[in-house]
Amino acid sequence: MIRKGNLYYPTKEFQKAAQLYDKAAENPIKFWEDLANKGILWRKKWQKTFVHKPPYFKWFLGGKLNITETIFESNLVALKNKVALIWEPEPLTESPEYPRGKEKSRKITYGELFSAVCRFANALKKLGVKKGDRVGIYLPMIPEVVIAMLACARIGAIHCVVFSAFSPQALKARLEDTGAKILITADGYFRRGQVIDLKTNADEGVKKTKVKKIIIVKRANNEIPWNKKTDIWYESLVKNQTKSCPAQIMDSEDPFFILYTSGSTGKPKGVLHTCGGYAVQTQATGKWIFDFQPNDVFWCTADVGWVTGHTYGVYSPLLNGITSLMFEGAPDWPTPSRWCQIIEKYRVTILYTAPTAIRMFAKYGEDFVKKHDLSSLRLLGSVGEPIDETAWLWYFQNVGKSKCPIVDTWWQTETGGILITSLPGLGPFRPSYTGLPFPGIKTDILDDRGRSCPVNKKGNLVILPPFSPGLFRGIYKNPKKYRETYWSQYGSKIYFTSDGALRDKQDLIRIIGRVDDVIKVAGHRLSTGELENAVNKHSSVSECAVVGIPDKIKGEVPVIFIVLKKTQPEEKIKPEIIGQIKKEIGPIALPKEIYLVEDLPKTRSGKIMRRILKRLFTGEELGDLSTLSNPEIVEKIKKMTTP
Ligand code: PRX
């Protein structure tokens, strides 16, 4: 990398991507068409590339494909013996009772993965799963989650993966919304040295849903409750299935998967992706942004329960025929150098992680990084939240040894894949700036009246037609919400991202953060409304407000202000509130602090002024309090929150 002032430029070896931008800007639709032709195996070519009926749009109309055919059939001879998936379990030494023996990790070739996918696909068919059926997947980071997703894709079933650390209630809400009849889960898994009992959570989550069968992967060998009517072991189900299964041929615009994400309201939204556009964008963005080469070992640290795990943990590396590494546990368990050991052990070439992880590694210091050989790394990526300059430089200097470009990638569950980043072959890379829109993507930064903001002025990030092939097509069963959330701020032809942003003189984009009630906790997307709903369910709570406040490691963390119906001792009520959040959402949503307050600052019309509560922590001016009906409460809360 070459430094010029505060900009970093890539060396020559990366520069082959240079022509992409010009070609794409001339004709973005033609540009995506070329990528679709080169990157994906089509059973039938599409007739029309892009159709726009605001706020709806379609790509590759009439095209027929099955994403698993590009992964497997298109390259079977060359890839048969190549490792598709490396799996590293959390325990350093697997216990002898581990069902698969004492192996410490698994390497699964494309050939083996293909057989496993077909076996499971056949098993799902035998259970009656058909094209278009929704299948719930509540699995930890084990290879079977990839097998399950691909098996659904093979037969045209719509997978709905639920993050394994989500609570039974969160699982239930998603199962109810999708109407899934099958749930795939595991007995348990390892996390920070503990066995987490997943099956008990799954049993709780399926109550009163349409789920008729639960398929259980044996992972941790923990004792689990068993229900003869519904439960089936994964192993016994796939044992007698054949290892070939014809691919269900899908239309480009057929639904591919649903993934739930948080929005401004309390209820998570089912983000719906389709087959053709998602496949094209996922393959192409991986190829160009991560510069995938045949010998790459790509480690995307995100859990498969989030969109990053879907797109860059599973589909993008497999569509590009490279090796993807999956790690079951926490990267700093049992020691802070675990992630370095993994890079060293498998000679990882590309590391893709979140700023929270980088800040956590930096906190532990450089010594343990120096003890390990990280020389295999050639490219680094960041995702999920803004990366501050200090974290960027630490990552660049200590992990990438000042030679690896850092692609700071901006995208969302809704966009399906990366839409803004500096390409590794071109740069320039400016710490804390995510970069330029991917070739073929048109963005703008608009003020509240819809005017384009000048350089360095903050505004709202929007995406303009023709958008991208992988942008989601709707909120499952909720067209009203789709229109209201994304296509009403600036009309039905402009996609509103809900992110604040600005651009510099070189047009590099800096993401400031969400302008709605979504907060990013360690890169995980949570809604303050969802948290408030959870807290309000506690019978002692009269009302509450949740705000996200800055945190040195996690970027943002929630704090909760609660007005109780009647006074209660803190030692009693606070653990109950914590329990309530764990029950409703899961441990990722736990607050940094709970404040029991007499009242919440409100406007005269009764609206809670969360903005003022937030400013108590950010050091910003509180602003004019005279519009409040109870300005005196702000001073009281301020005293409580000042250390
Ligand atoms: O606020 C942006 C932030 O993450 C949000 C999307 O979250 P989610 O749907 O969970 O997807 C995360 C992984 C793609 C965005 O609206 N975000 C994502 N990437 C970045 C980012 N903020 C700053 N810089 C990024 N690179």
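Buried means under 20% relative accessible area and exposed means over 50%, with partly exposed in between. Ser542 comes in at 43% relative accessibility, so it lands in the partly exposed class. Keep that scale in mind for what follows, and keep in mind too that this is a predicted model. The average pLDDT of the protein is 94, and 97% of its residues score at least 70. The weak spot is residues 95-103, where the pLDDT is below 50, although this stretch still has 15 contacts in the model beyond near neighbours in sequence. Where pLDDT is low, the predicted coordinates should not be read in detail.

**Overall build**

- The protein's secondary structure adds up to 20 helices and 32 strands.
- For 643 residues, a compact globule would have a radius of gyration near 26 Å, and the 24 Å of this protein agrees with that.
- Along the principal axes, the C-alpha atoms fill a box of roughly 75 × 60 × 55 Å.
- Of the 643 residues, 61% are buried.
- Among contacts with a separation of 6 or more, 72% are between residues 24 or more positions apart.

**Surface and charge**

- About 25,600 Å² of the protein is exposed, and carbon and sulfur atoms supply 51% of that area.
- On the charge side, there are 96 positive and 67 negative side chains, and the centres of the two sets lie 5 Å apart.

**Helix H7**

- H7 covers residues 168-178, and it is largely enclosed by the rest of the structure because eight of its eleven residues are buried.
- The buried set takes in Pro168, Ala170, Leu171, Lys172, Arg174, Leu175, Asp177 and Thr178.
- Just after the helix comes Gly179, with a positive phi of about 70°.

**The loop between E22 and E23**

- Strand E22 (406-409) and strand E23 (442-446) bracket the loop that holds Thr415.
- Thr415 has 0% relative accessibility, so it counts as buried.
- Leaving out neighbours within four places in sequence, Thr415 is in contact with His273, Gln281, Trp410, Ile463, Ser468, Gly470 and Leu471.
- Tyr278 sits 137 residues away from Thr415 in sequence, while their C-alpha atoms are 9.2 Å apart in space.
- Phe438 belongs to the loop between E22 and E23, and with a relative accessible area of 1% it is buried.
- Residues up to four places away in sequence aside, Phe438 touches Tyr21, Phe31, Trp32, Ala284, Thr285, Trp288, Ile289, Ile418, Leu419, Ile420 and Leu423.
- Phe438 and Glu112 are 326 residues apart along the chain, and their C-alpha atoms are separated by 34 Å.
- Pro428 is also placed in the loop between E22 and E23, and the peptide bond leading to it from Gly427 is cis, with omega near -10°.

**The loop between E24 and E25**

- Pro466 is in the loop that runs between strand E24 (459-464) and strand E25 (474-475).
- The bond from Pro465 to Pro466 is a cis peptide, with omega near 5°.
- Phe467, in the loop between E24 and E25, has a positive phi near 55° despite being a residue other than glycine.
- With a relative accessible area of 0%, Phe467 is buried.
- As background for these backbone features, most residues other than glycine have a negative phi, and most peptide bonds are trans.

**Lys401, ahead of E22**

- Lys401 sits in the loop between helix H15 (389-399) and E22.
- Its phi is positive too, near 50°, and Lys401 is not a glycine.
- Lys401 has a relative accessible area of 40%, so it is partly exposed.

**Back to Ser542**

- Strand E30 (residues 541-551) is where Ser542 sits.
- Ser542 touches Val563, Leu564 and Lys565, not counting residues up to four places away in sequence.
- Ile562 is 20 residues from Ser542 in sequence, and the C-alpha atoms of the pair are 7.6 Å apart.

Notes:
Residues numbered from 1 in each chain as written. Predicted model: local features only at pLDDT ≥ 70, side-chain atom pairs only at ≥ 80, totals over all residues. Heavy atoms only, no water. pLDDT = per-residue confidence, 0-100. Contact = heavy atoms within 4.5 Å. Helix = DSSP H or I, 4+ residues; strand = E, 2+ residues; numbered from the N terminus. Rg over C-alpha atoms; globule rule 2.2 N^0.38 Å. Buried < 20%, exposed > 50% of the residue type's maximum accessible area, 1.4 Å probe, protein only. Areas by Shrake-Rupley, 256 points an atom, 1.4 Å probe, with all protein chains shown as cover. Lys, Arg positive; Asp, Glu negative; His and termini not counted. Charge placed at Lys NZ, Arg CZ, Asp CG, Glu CD.
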